[in-house]
Amino acid sequence: MVGVSDGPGPAQAPAAARTPVGRPLLSLALASMIEAVHAHSGAVYLLRPDEPVLEMAVMAGMPRAFAAPWERVGLGAPIPVADAVRDRRLVWVGGEEEMARRYPRIAVVLPYPFALAALPVATAGTVYGAVFVTWPGTRPPELSDRERAHLTAGCERLALRLERAAAENRTIGPETDLLAAPMSGMEGTLGSVEAARLVARLPYGLVSLDLHGRITFANMAATDLLGRPTQELLGTLLWVSAPWLNDPMYEDRYRAALISQQVTSFVALRPPGEWLSFRMYPSTTGLSVRISRARAVAEMARSAPQSGSGPSRLVTISQVLSLAGALTEAVGVQDVVQLVADEVAPAVGCQALVILGSQAGRLHVLGHRGYADPRVVECFDGLPLSERTPGTHALTSGVPAFFDSQEQLERLYPNRHATPDGYAAWGYLPLIASGRPVGTCVLAYAEPHVFPADERAVLTSLGGLIAQALERALLYDAKHRLAQGLQQSLLPHSLTPPPGIEAAARYLPATQGMEIGGDFYDLVPTGPLAAAVIGDVQGHNVTAAALMGQIRTGVRAYTTVGQAPQEVMRSTNRLLIDLGADLFASCLYLRLDPARGQAVMARAGHPPPLLRRPDGRVRVLDLAGGPLLGIDAAATYPTTDVSLTPGSVLALYTDGLVESPGVDIEDSLVDLGALLAEMGDQPLESLADELVRHSAAARERADDVAVLLLRACDDR
């Protein structure tokens, strides 16, 4: 049971702040808990009323960017706040190692020493959300009874206040995050002349950063060392204040200091050859940074022998997050292959890669990059999984394998020398999703490459991200093939017009959903006459497509037995009602008589057709009609006779061709008529392409599009 409604966006003042008390409910409760247990950051989540998702409503002590991956948390996610809500208990994580063991997703993004407690915010019968608070890694590894009691009591009080707010129909939503307030009692000290002289006399640089990492103060020595004037430094992030500091590693040190509340340091090379030492001293209000020349590092750099090997290229947290975000956008298998080539290969320093999958007990090459001769890779396609190769072994066993050199690989796989690929080191990463292997990612290196333990761990974790994306992509590709096959089987493979009639048709599925829909068309020859039909079943999914197939079959059957146009529509309407479907359909039906140059039309809630006369004039046919099919079993569908002189063109279409958000349908019809008047003398196949190509609605593909063109000609 959910006890709160979806709150306003961050730009709005929360409802709680507009209550008579005038105080932010969530922020005060969180600040009280953090102060009571001497924690240094925390957040409150609220449970959405319409889905099992926790949304962060307020955060304190840290920039929200640190918790960006968990601003929205599903109740099934392996995250402490989700576990606390599901199990209705306090979740305690005592340090870095325990976090890596129990919650590896968090440890990958925040590999720093800190402790965390998560608790549900709930009454006996209703869950309202959750709270987490964090401490620096220097604290004792166990939560004390006093801390546990304070946190539990604080969450219980917050739950009662949320329950009272719900009973009073007051909406509680996001509040302004709590960061450090300006220090009090410092007036006349830091800003004084003596303080300025003191800092200016120091031989090393001093920089002050706020919690976001922005520079708020820099002494003259710091500006000299960084090579930038003070006015250019203030307000900038330290790691982007100079081009040579723009490395994710340096941002990582700031994050480590702020989360662990422990001193961190790093050295950076200022071109052309000056090494600088940065030492960060954190607090709950920001960081103080001391910058000095790292003479010892510079001496070691000058005296160390030059090595031909490139720098170590371990994947940083920022790159992992970037890859994870990019992989969520991958749709098909080839998208995944391209993203791995674009994101992973440069990060880990490999020069080629292969993504392998399996089907029916055989290996399949899903994609590859970096191989001059594709046959070197494609020879593995179709290989039985029972064959002893590193690719099949990683896929079937789920165990990664790393080979530093060709000799090491051939010791385990002697037959491997028969298929040289020109590379000298390899990593075989099993891609495991939902507990089963879905493929193997092979990384190839041009030179021998040693894989230390930390790099193997990072690569294996990357394999998990790739596996999740690949599993989704394989499922999407399979559904896409199924949808295309089903759609093609339900629409006519070709049109057979009677003598005196030319015909052309186009169909485009909506790009939203499964790319399958309920739009249909058909041309049914019946002796000297013929019938044409176009329609649109509500929705663009498998259900709509299946119902479309039944309607098209029914129309064809009723036409074949000789029913008049109005009877065909009435019979189809009753068929749709008898099928018990909860979907409606529009339809336009024509009985064509080329010998007499006439068409008899019946319409059921369908957009009106356009008629282009031989002289180029176009008009919208205002046809009599009845309601949508599937609404009223007693509905009738009157007919209209239309003259079709040789050279006339009838344009039948579904609403996906003319309906576009923000565009009046009358304007769309005017544009369509003008295009038909201008290009109506073209061959029908070319004309059909032009109508679709010039339609803004068809380009957006928010709905299915069907077009059926009929032209009366002289060969009767």
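Two strands count as paired if DSSP finds at least two bridges between them. With that in hand, let's walk through this predicted model in a few exercises.

**Exercise 1. Work out the order of the strands in the open sheet of 6 strands, and find its edges.**

Step 1: Follow the pairing from strand to strand. The order is β3-β2-β1-β6-β5-β4, and the pairing is antiparallel.

Step 2: Look for strands that pair on one side only. These edge strands are β3 (72-74) and β4 (91-93).

Step 3: Check how the neighbours are turned. On average, neighbouring strands of this sheet make an angle of 20 degrees, direction ignored.

Step 4: Zoom in on one pair. Strand β5 (residues 114-122) is joined to strand β6 (residues 127-136) by 9 bridges, and the two run antiparallel. Here Leu 116 is found opposite Thr 134 of β6.

Step 5: See what lies across the strands. Helix α5 (residues 145-167) crosses β1 (41-47), β5 and β6, and runs at about 35 degrees to β5.

**Exercise 2. Classify the ring pair of Trp 92 and Trp 135, and say which strands it ties together.**

Step 1: Take the geometry. The ring centres are 5.5 Å apart and the planes stand at 70 degrees, so this pair is edge-to-face. The cut-off used here is that planes over 60 degrees apart count as edge-to-face.

Step 2: Place the residues. Because Trp 92 belongs to strand β4 and Trp 135 to strand β6, the pair ties together parts that are 43 residues apart in sequence.

Step 3: Ask whether the two are buried or exposed. Buried means under 20% relative accessible area. Trp 92 has 11% and is buried; Trp 135 has 2% and is buried.

**Exercise 3. Describe the surroundings of Phe 66, starting from its ring pair with Tyr 254.**

Step 1: Start with the total. The structure holds 11 aromatic pairs. In the pair of Phe 66 and Tyr 254, the centres are 5.7 Å apart and the planes are at 85 degrees, so it is edge-to-face.

Step 2: Locate the partners. Phe 66 sits in the loop between β2 (53-60) and β3, while Tyr 254 is in helix α9 (residues 248-260), so the pair ties together parts 188 residues apart in sequence. Both Phe 66 and Tyr 254 are buried.

Step 3: Widen the view. Ring pairs link Phe 66, Tyr 254 and Trp 239 into a cluster. Arg 255 lies over the face of Phe 66, 4.9 Å from the ring centre.

Step 4: Look for another charge over a ring. The charged end of Arg 290 sits over Tyr 204, at 3.9 Å from the centre of that ring.

**Exercise 4. Explain why strand β21 (residues 598-604) is largely enclosed, and find its partners.**

Step 1: Consider burial. In β21, 5 of the 7 residues are buried, so the rest of the structure largely encloses this strand.

Step 2: Find one partner. Strand β20 (residues 585-593) pairs with β21 in the antiparallel sense over 7 bridges, and Tyr 589 has Ala 602 as its bridge partner in β21.

Step 3: Inspect the turn. β20 and β21 make a hairpin with 4 residues between them, where Gly 597 has a positive phi of about 65 degrees.

Step 4: Find another partner. β21 also pairs with strand β24 (residues 639-643), antiparallel over 5 bridges; Ala 599 has Val 642 as its bridge partner in β24.

Note on methods. Residues are numbered from 1 along each chain as its sequence is written. This is a predicted model: local features need pLDDT of at least 70, side-chain atom pairs count only at pLDDT 80 or more; totals for chains, interfaces and linings use all residues. Side-chain values use heavy atoms; hydrogens and water are left out. Axes are lines fitted to C-alpha atoms, for helices over the stretch in contact, and angles run from 0 to 180 degrees between N-to-C directions. Contact means heavy atoms within 4.5 Å. Rings of Phe, Tyr and Trp (its six-membered ring) pair if their centres lie within 6.5 Å; planes under 30 degrees apart count as stacked, over 60 as edge-to-face and the rest as tilted. Buried means under 20% relative accessible area, exposed over 50%, partly exposed in between (1.4 Å probe, protein chains only). A charge sits over a ring if NZ of Lys or CZ of Arg is within 6 Å of the ring centre and within 35 degrees of the ring normal.
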